[in-house]
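Colleague: Got a minute? I'd like to go through this chain with you before I head back to the bench.
Modeller: Sure, let me put it up.

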Amino acid sequence: MTEAAIFVVFPICLAIAALSDLLTMTIPNRVSAILLASFILVAPLAGLTLTQIGLHLLAGLLVFGVCFMLFAANVMGGGDAKLLTASSVWFGMSASLVSYLLYVSVFGGLLTLVLLSMRARSNTILASGLPVPGHLLTHKKVPYGIAIGIAAFVAYPASPLMQAALATFH
């Protein structure tokens, strides 16, 4: 049961967040809340010690600190900051967290370049009838939840929880 939660909860939450951000430019607060609450429930069942759980929570706190500064500087949206914080807890203080954050920045940069290119051609895209959500072409914001979601799918297999779950099958 614990392995099923590790395999399912994190990916589904990140997929929902990315899809919601793509379609509505918002990330529901409940997605971040579910991520954090489910980690707290799953971590001890997965065999993490209190010290390890504390380090995972510390990782989230450190990411939150940086995200809060970016939010205060109006560089990052609140939903993105909450999602990145809650998802970072699943990686803990590990090399996989560094990889995850690096992937978020790379995919976020690529997403920004794609959106800037699309916005420069918005009239052509709208005239073509392509099913592109209009807010992607008109808003100045970047739905960073998409980049966070993609990065999570790339980095999650190397996370300590996923590695522990995979080890139960050997």
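Colleague: Pockets first. What volume does the largest pocket have?
Modeller: About 580 Å³. Keep in mind that this is a predicted model.

Colleague: And which residues are closest to its centre?
Modeller: Val75, Met76, Gly77, Asp80 and Tyr144 are the closest, out of 25 residues that line the pocket.

Colleague: Which elements give two or more residues to that lining?
Modeller: Helix 3 (50–72), helix 4 (78–89) and helix 5 (95–120) do. Helix 3 has the largest share, with six residues.

Colleague: How does the pocket lining divide into nonpolar, polar and charged?
Modeller: You get 16 nonpolar residues, six polar and three charged.

Colleague: OK, switching to closed spaces. How many cavities of 30 Å³ or more turn up in the whole structure?
Modeller: The search finds one. The largest cavity holds about 30 Å³ of space.

Colleague: Which residues line it?
Modeller: Phe10, Pro11 and Leu14, along with Ala152, Phe153 and Tyr156. By class, that lining is six nonpolar residues, with no polar and no charged ones.

Colleague: Where in the chain does that lining come from?
Modeller: Helix 1 (2–24) and helix 8 (145–155) each supply at least two of the residues. The largest share is three residues, and it comes from helix 1.

Colleague: Let's zoom out. How many helices and strands does the chain have?
Modeller: Nine helices and zero strands. Reading from the N terminus, the elements go α-α-α-α-α-α-α-α-α.

Colleague: Why do you call it as compact as a globular protein of that length?
Modeller: The radius of gyration is 17 Å, and the globule rule gives 15 Å for 170 residues; the two are close, so the chain counts as that compact. Along the principal axes, the C-alpha atoms fill a box of roughly 55 × 35 × 25 Å.

Colleague: What share of the residues is buried?
Modeller: 40% of the 170 residues are buried.

Colleague: And what about contacts between residues 24 or more positions apart, what percentage are they?
Modeller: They account for 72% of the contacts in the chain that have a separation of 6 or more.

Colleague: Last one, the surface. What does the accessible area come to, and how much of it belongs to carbon and sulfur?
Modeller: The accessible surface is about 9,000 Å², and carbon and sulfur atoms take 74% of that.

Note on methods:
Residues are numbered from 1 along each chain as its sequence is written. This is a predicted model: local features need pLDDT of at least 70, side-chain atom pairs count only at pLDDT 80 or more; totals for chains, interfaces and linings use all residues. Side-chain values use heavy atoms; hydrogens and water are left out. Helices (H or I, at least four residues) and strands (E, at least two) are DSSP runs, numbered from the N terminus. The radius of gyration is taken over C-alpha atoms; the globule rule is 2.2 Å times the number of residues to the power 0.38. Buried means under 20% relative accessible area, exposed over 50%, partly exposed in between (1.4 Å probe, protein chains only). Contact means heavy atoms within 4.5 Å. Accessible areas come from the Shrake-Rupley method with a 1.4 Å probe; for residues, only the protein chains shown count as cover. On a 1 Å grid over the protein atoms alone, a cavity is a set of points where a 1.4 Å probe fits but cannot get out, and a pocket is an open set with protein on both sides within 12 Å along at least five of seven lines; lining residues have an atom within 4 Å of a point. Grid points are joined across faces, edges and corners, and a volume is the space filled by probe spheres set on the points. Ala, Val, Leu, Ile, Met, Phe, Trp, Tyr, Cys and Pro count as nonpolar, Asp, Glu, Lys and Arg as charged, and the others, Gly among them, as polar.
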